[in-house]
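Reader: I am new to this structure and would be grateful for a close look at a single part of it. Please set out the surroundings of that part in one connected account.

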Amino acid sequence: MLACKTQGEGNPLVFLHAFPLSSAMWKKEIEIFSAQFKVIAPDLPGFGQSARPADSVAAMASEVASLLDHLQITKPVILAGLSMGGYAALEFYRQFPSRVRGLGLFATRATPDTPEAKQKRMLSIEAIEKFGIDPFARKIVKSQLGKTTQDSNPALIEQVTSMMKEAKPESAIAALRAMADRRDNTDILGQIKFPVLVVAGQEDEIAPAEEMRKMNGQIPGSEFHAVAESGHLVNLEQPAVFHGLLNSFLNRFQ
Ligand code: MLT
């Protein structure tokens, strides 16, 4: 069973984390939104306190479903995911459409990896195998945090780097393989009939805002925001703006 943090009572709100992080990235969201919701933040397979890595994004999604079963969450959830968490959230919706009543898609995409992206992941796997997780964490933190953060928030760079260094090499490698092999979920976007919040960081080079705007156009009635002075980790880089957007979105479910 996946490890998770749960806090609060009420309608279930699930947060799925980015790569190679853990539920620790949702610390503030757990604090804030547990005042109104039953917040559930799993450690995806192999990360945080969850022991066994998964070999596909589809398996990550089914493990989240098993966790909800275990927690006896039978009603549909609001599911929010950032980047890899967003891939897993879309997969969850594909596999269990009746278990979702709202989606938050942050710094993510529905399209699969391009051949170049897959190639890059294979190089990352080789680097982790050879040199371990620390140099990998120091390298990728540069692409995960936007220019504004890089120039002005050394404490956040440090905090994110240490969270990344917690990742077990075998889990990071398994997740890189899983993401490289993930399917195209573009086909399900047009079927979504509940509220969806799409948030991009204007300085994000991993999930560029323009691509996310395109995805938003494919989801009927979804709302889109591109957050200024933020890279990929938008909830950590611009927490006040992010929480404001999420709060207004969640008001629709009260
Ligand atoms: C993440 O933040 O989860 C990763 O950047 C996702 C990816 O590598 O595609």
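Author: **Gln7 and the sheet around it**

Gln7 counts as partly exposed because its relative accessibility is 39%; buried means under 20% relative accessible area, exposed over 50%, and partly exposed in between, with a 1.4 Å probe and protein chains only. The model is a predicted one, in which local features need pLDDT of at least 70 and side-chain atom pairs count only at pLDDT 80 or more, while totals for chains, interfaces and linings use all residues. Residues are numbered from 1 along each chain as its sequence is written, and side-chain values use heavy atoms, with hydrogens and water left out.

Gln7 lies in strand β1; strands (E, at least two residues) and helices (H or I, at least four) are DSSP runs numbered from the N terminus. Leaving aside neighbours within four places in sequence, Gln7 is in contact (heavy atoms within 4.5 Å) with Ile30, Glu31, Ser34, Phe37, Lys38 and Val39. With Ser34, the side chain of Gln7 forms a polar contact of 3.2 Å. Such a contact is a pair of N or O atoms within 3.5 Å; within protein, one must be able to donate a hydrogen and the other to accept it, and residues adjacent in sequence count only if both atoms are side-chain atoms. Glu31 is 24 residues from Gln7 along the chain, and their C-alpha atoms are separated by 7.9 Å.

The strand that holds Gln7 belongs to an open sheet of seven strands with mixed pairing, in the order β1-β3-β2-β4-β5-β6-β7. Strands β1 and β7 (223–227) are the edge strands, each pairing on one side only; two strands pair if DSSP finds at least two bridges between them. Further into the order, β2 and β4 pair in the parallel sense over four bridges, and Leu13 has Ile78 of β4 as its bridge partner.

Helix α2 packs on this sheet, touching β1, β2, β3 and β4, and its direction makes about 140° with that of β3. Axes are lines fitted to C-alpha atoms, for helices over the stretch in contact, and angles run from 0 to 180 degrees between N-to-C directions. Helix α2 comprises residues 57–70. Its buried residues include Val57, Met60, Val64 and Leu68. The buried residues of α2 pack against β1 (4–7), β2 (12–16), β3 (38–42) and β4 (77–82), and also against the helices α3 (84–95) and α8 (169–180). Just after α2, Gln72 takes a positive phi of about 60°.

Note on methods: The expected span of a helix is 1.5 Å times one less than its number of residues.
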